[in-house]
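Please open the model in your viewer and keep the sequence panel beside it. The stops below say what to select at each point and what is found there.

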Amino acid sequence: MRAIAEPVESAGTDPVPRRPLALSPSRASDFKTCPLLYRYRAVDRLPEPPSVPAVRGTLVHSVLEQVFGHPAVERTPELAVAQVGLVWEQMVGDYPDLLALLPAEDLPGWLASAKDLVLSYYTLEDPRRFSPEACELAIEVEIAGSVPLRGFIDRVDLASTGELRVVDYKTGKSPGPDFELRALYQLKFYALMMYRLRGVVPTQLKLIYLADGLSLQYAPTEDELLSFENGVVALWATMTRALETGDFPASPSSMCGYCAHQAICPAYGGTPPPYPGYPGRESPLPAGQLEPAAAAVGDAVALTEAAVKVPVGL
Ligand code: SF4
């Protein structure tokens, strides 16, 4: 099951070692939306209260993962619906604070909404007709010799002919045209990782929107992924400069309404805490002495791939 939130290092007293920074679709999106939001999440690792929709997303993802853990013939809608209550009990056991998030009187309706999402899945696919190669796949890969990518893929399907499909579930509704590109960014990111990891261009990228029972599908070409890779490398270079200098400007937008850090955001009259420095660095580099530029795209790649659980806050 996915973790609800990434453990947070608190004021230097938390002994939990942190993993080296890496670029994930979420963190790339944060930085592009608001560099200060990226800093608060990836560098300061400030806690954020879990939202009810996010918890439901975790629940539904875990249920679908568990459904595929059963033999194909057993993956019925009834089994999936029954899993909702079981997985919820497991989540509450792991994170008792979830009970405070959901008042007891709201719980039945909320669980029913999760069951509706699970049933919606069956209008799009029949999990009895295929078996994924992997669910909840954590992958890490280094591109261009020095750009670390990290991702968490909901499902990977591998056909007997070798064709690869990358699938991501969304518990919200399908996006309008303006947000389709943003949705595809995540899938292209995963496709690039799989391409560099396995040397195969995924045949299909598929986003499944459970709230309205629609899917978004895309077939990338190798040229598109290589072009996308150039953009990812350039973004990491920009992020690295910000990490070295501590210059993470606030960039107000409609997303501020969802931001948990308005109280310490200059755009809202707040004051950011002192910059803690580039995570993992003993001391910041002197001004003007920045990270070397990323190596050429396509350089040596360090790979890991594991169907293991990692925190969602990559
Ligand atoms: S409130 Fe808006 S501008 Fe400020 S950190 Fe959050 S997203 Fe960025």
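What percentage of the 314 residues in the protein do buried residues make up? Buried residues make up 30% of them, where a residue is buried if 20 or more other C-beta atoms lie within 10 Å of its own, exposed if 12 or fewer, and partly exposed in between, with the C-beta atoms placed from the backbone. This is a predicted model, in which local features need pLDDT of at least 70 and side-chain atom pairs count only at pLDDT 80 or more, while totals for chains, interfaces and linings use all residues. Residues are numbered from 1 along each chain as its sequence is written.

Begin with a cartoon of the whole protein, which has 8 helices and 6 strands; helices (H or I, at least four residues) and strands (E, at least two) are DSSP runs, numbered from the N terminus. Followed from the N terminus, the elements run α-α-α-α-α-α-β-β-β-α-β-β-α-β. Of the contacts with a separation of 6 or more, 74% are between residues 24 or more positions apart, two residues being in contact if their C-beta atoms, placed from the backbone, lie within 7 Å.

Next select residues 25-33, which are helix H1, and colour its buried residues, Pro25, Ala28 and Phe31. Viewed down the axis of H1, these buried residues fall within an arc of 130°, so they line one face of the helix; the arc is that of the directions from the helix axis to the C-beta atoms.

Move on to helix H6, residues 107-122, whose 16 residues reach 23 Å from the first C-alpha to the last, close to the 22 Å expected at 1.5 Å a residue; the expected span is 1.5 Å times one less than the number of residues. Ala114, Lys115, Leu117, Val118 and Tyr121 are buried in H6. Because they cover an arc of only 155° around the axis, they are on the same side of H6. Turn to the other side of H6 and you will find Pro108, Gly109 and Ala112 exposed. To see what covers the buried residues of H6, add, among others, helix H3 (52-68), helix H4 (77-94) and strand E4 (204-209).

Now select strand E1, residues 134-143, which contains Glu136. Phi of Glu136 is near 50°, a positive value in a residue other than glycine, and Glu136 is buried, with 21 other C-beta atoms within 10 Å. E1 pairs with E2 in the antiparallel sense over 9 bridges, two strands being paired if DSSP finds at least two bridges between them. Within this pairing, Ile139 stands opposite Gly151 in E2.

Which residue in the turn of the hairpin of E1 and E2 has a positive phi? It is Ala144, at about 55°, in a hairpin with 3 residues between the strands. Ala144 is itself buried, with 22 other C-beta atoms within 10 Å.

Extend the selection to E2, residues 147-158, where 9 of the 12 residues are buried. E2 also pairs with strand E3 (residues 164-170), in the antiparallel sense over 4 bridges, and the bridge partner of Asp157 in E3 is Arg165. In the hairpin of E2 and E3, with 5 residues between the strands, Gly162 takes a positive phi near 95°.

Finish at the ligand, which 14 residues surround, the closest being Cys34, Ala250, Cys256, Cys259 and Cys265; a residue is near a molecule if its C-beta atom, placed from the backbone, lies within 6 Å of it.
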